[in-house]
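Let's walk through this structure together, one question at a time. Have the sequence and the model open beside you.

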Amino acid sequence: MLIHPWDSVDDWHRLVPGNDFGQLVTAGHVDGWPVIVPTHFIVEGDEVLLHLARPNPVWRALESDDRVVLSLIGDWTYVDAAMNSDPGDDPALGVPTSYYSALQLHGHATVIDDPEAKADILARQLAHFEPPGSTRVTPSPTIESDRRQLPGIRGLRIRIDHVRAKQKYGGNKPAAQRQGIADALAQRDGPGDRAAVAHLRAGSTSDE
């Protein structure tokens with residue numbers, strides 16, 4: 001992932017809230033290909049916790065290589081050619097672009113099969129994802145229904161060793177131009193535009 005100085009992120013942890021669904025990509029291959037698994041996850045400090053079904057091919061890939069990348073992309077939108085053209089340039093010759101936030105967490109994965117440890121991962125995920133007032137009790141091998149279902153999953157703990165984080169929202173453009181793009185996106189109000197507008201306006205304000 002190319003990261004220009006104006007796209008860099010000082011604290012990658014702030015990109016995680018609201019972007020807790022991504023793709024787990026393995027370094028190990030199955031039938032000659034990396035395994036890519038869409039999954040929910042949680043981040044605690046410099047560690048990722050998640051669980052997947054036991055039949056998932058990811059386990060075969062991890063047997064040969066425990067290195068993984070968890071890839072997240074959020075708040076994306078398409079900035080059309082006219083919208084992205086520089087002041088004074090012909091909009092008909094403008095160059096379109098994409099705005100987005102991206103996070104790639106590189107690390108080593110440890111497979112968790114102990115029932116108590118798997119239940120703990122589930123409990124932490126439920127605490128994060130379940131809505132307020134959820135009646136779901138804390139998972140435990142002592143609960144009969146949980147005890148029967150726990151063998152069907154395996155847990156993963158990923159120790160984060162390296163992070164690449166990017167927020168591309170026109171940071172190389174003057175604040176006034178970014179504000180103009182934000183206004184155009186707000187008027188268009190398409191999928192992803194509102195989130196991009198918020199990033200653009202926050203960046204323009206920080207330059208003032």
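What follows is a set of questions and answers on the sheet, the cores, the helices and some charged pairs.

This is a predicted model, in which local features need pLDDT of at least 70, side-chain atom pairs count only at pLDDT 80 or more, and totals for chains, interfaces and linings use all residues. Residues are numbered from 1 along each chain as its sequence is written, and side-chain values use heavy atoms, with hydrogens and water left out.

Q: In what order do the 7 strands of the open sheet run?
A: Strands here are DSSP runs of E with at least two residues, and helices are runs of H or I with at least four, both numbered from the N terminus. Two strands pair if DSSP finds at least two bridges between them. The pairing in this sheet is antiparallel, and the order is 2-1-5-6-7-4-3.

Q: Which are the edge strands of this sheet?
A: From one strand to the next, the twist averages 35°; such angles run from 0 to 180 degrees between N-to-C directions, with axes as lines fitted to C-alpha atoms, for helices over the stretch in contact. An edge strand pairs on one side only. That description fits strand 2 and strand 3 (42–44).

Q: What is the bridge partner of Leu24 in strand 2?
A: Strand 1 and strand 2 pair in the antiparallel sense, with 7 bridges between them. In strand 2, Leu24 is matched with Val37.

Q: Which residues touch the most other members of the largest nonpolar core?
A: A nonpolar core is a set of buried Ala, Val, Leu, Ile, Met, Phe, Trp, Tyr and Cys residues joined through side-chain atoms within 4.5 Å. Buried means under 20% relative accessible area, exposed over 50%, and partly exposed in between, using a 1.4 Å probe and protein chains only. The largest core holds 26 residues, and those touching the most other members are Leu24, Val48, Val58 and Leu103.

Q: Which residues is Val58 in contact with, leaving aside its neighbours within four places in sequence?
A: Contact means heavy atoms within 4.5 Å. Val58 is one of the residues touching the most other members of the largest core. With neighbours within four places left aside, its partners are Leu24, Thr26, Val35, Val37 and Leu52.

Q: Is Met83 buried or exposed?
A: Met83 sits in helix 2 (residues 81–84). Leaving aside neighbours within four places in sequence, Met83 is in contact with Ile181, Ala184, Leu185 and Arg188. Because its relative accessibility is 14%, Met83 counts as buried.

Q: What angle does the direction of helix 5 make with that of strand 5?
A: Helix 5 (residues 175–188) packs on the sheet, where it touches strand 5 and strand 6. The angle between the directions of helix 5 and strand 5 is about 85°.

Q: At what angle does helix 3 run to strand 7?
A: Helix 3 (residues 115–129) lies across strand 2, strand 3, strand 4, strand 6 and strand 7. Relative to strand 7, helix 3 runs at about 45°.

Q: Which side chain does a polar contact of 3.1 Å join to that of Gln167?
A: Gln167 lies in strand 7 (residues 153–168) and is buried because its relative accessible area is 14%. A polar contact is a pair of N or O atoms within 3.5 Å; within protein, one must be able to donate a hydrogen and the other to accept it, and residues adjacent in sequence count only if both atoms are side-chain atoms. The partner side chain belongs to Ser101.

Q: How many residues apart are Arg188 and Asp80, the pair that links distant parts of the chain?
A: A salt bridge is a side-chain nitrogen of Lys or Arg within 4 Å of a carboxyl oxygen of Asp or Glu. Arg188 and Asp80 form one, with their closest N and O atoms 3.8 Å apart. Arg188 is partly exposed because its relative accessibility is 34%. Arg188 is in helix 5 and Asp80 is in the loop between strand 5 and helix 2, a separation of 108 residues.

Q: How far apart are the closest N and O atoms of Glu144 and Arg147?
A: Both residues lie in helix 4 (residues 144–149), 3 residues apart, about one turn of the helix. In their salt bridge, the closest N and O atoms are separated by 2.6 Å.
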